[in-house]
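Here is a quick report on the model shown below. Have a look at the structure, then read on for its helices, its buried and exposed spots and its charged pairs.

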Amino acid sequence: MISRYGLYLPLPIVATLLALAYGANVHHPWLSAVITLALTMLGGWIAGAIGQIIGVIVSALVIFAAFTLPEQRRMAHEEEKREREARQLPNEEDM
């Protein structure tokens, strides 16, 4: 089993570094990296190189659903709140 990881080790390392860099943008760098490394290594243990590629894809989907979507929703909610407050405040021209 160890030799299977040795043959395909560059893929989990590169994917983990990319997840770490992307995770820094969504404020969860280490958790993103751990999820990617775990799913990539699990995929490699189950199905070799193809499993690792599937693990990278699944980890990207998990990171997107768990971190990116909530961040986008929060930002959209804040923008909507700012627009609503701007409409409710009187304009200088009206005064």
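## A walk along helix α3

Thr 68 is buried, since its relative accessible area is 7% and the cut-off for that label is under 20%. Keep in mind that this is a predicted model. Thr 68 sits in helix α3. Which residues does Thr 68 contact, once its neighbours within four places in sequence are set aside? They are Tyr 22, Val 26 and Ile 63.

Zooming out, the protein chain has three helices and zero strands, so its pattern along the sequence reads simply α-α-α. Helix α3 covers residues 29-88. The protein chain has 95 residues, and 23% of them count as buried; Thr 68 is one of the buried ones. As for contacts between residues at least 6 apart in sequence, 58% join residues at least 24 apart. The accessible surface of the protein chain adds up to about 7000 Å², and carbon and sulfur atoms own 69% of that.

Now for the charged side chains. How many salt bridges does a search of the whole structure find? It turns up five. In general, side chains of opposite charge can pair when their charged atoms come close. Here are three of the pairs, with their N to O distances:

| Pair | N to O distance | Separation in helix α3 |
|---|---|---|
| Glu 71 and Arg 74 | 2.4 Å | three residues |
| Arg 74 and Glu 78 | 2.6 Å | four residues |
| Arg 82 and Glu 78 | 4.0 Å | four residues |

Why can Glu 71 and Arg 74 be described as about one helical turn apart? Because they are three residues apart in helix α3. Arg 74 and Glu 78 are likewise about one turn of the helix apart, with both of them in α3, and about one turn also separates Arg 82 from Glu 78. The Arg 82 and Glu 78 pair, at 4.0 Å, sits right at the cut-off, because a salt bridge needs the nitrogen within 4 Å of the carboxyl oxygen.

Put together, salt bridges that share partners tie Glu 71, Arg 74, Glu 78, Glu 79 and Arg 82 into one network. Arg 74 takes part in the bridge to Glu 71 and in the one to Glu 78, while Glu 78 also pairs with Arg 82.

Are these side chains buried, exposed or something in between? Arg 74 is partly exposed, with a relative accessible area of 38%. Glu 78 is partly exposed too, at 32%, and so is Arg 82, at 48%. Partly exposed is the right label because these values lie between the 20% and 50% cut-offs.

Finally, the greasy side of things. Leu 11, Ile 50, Ile 53, Ile 54, Ile 57, Val 58, Leu 61 and Val 62 form a nonpolar patch on the surface. Together these residues have about 690 Å² of accessible area. Which helix gives the most to the nonpolar patch? That would be α3, with seven residues. Ile 54 is a patch member that lies in helix α3, and its relative accessibility of 48% makes it partly exposed.

Conventions:
Residues numbered from 1 in each chain as written. Predicted model: local features only at pLDDT ≥ 70, side-chain atom pairs only at ≥ 80, totals over all residues. Heavy atoms only, no water. Helix = DSSP H or I, 4+ residues; strand = E, 2+ residues; numbered from the N terminus. Buried < 20%, exposed > 50% of the residue type's maximum accessible area, 1.4 Å probe, protein only. Contact = heavy atoms within 4.5 Å. Patch = residues over 30% accessible without salt bridge, like charges linked within 9 Å, V, L, I, M, F, W, Y side chains within 5 Å. Areas by Shrake-Rupley, 256 points an atom, 1.4 Å probe, with all protein chains shown as cover.
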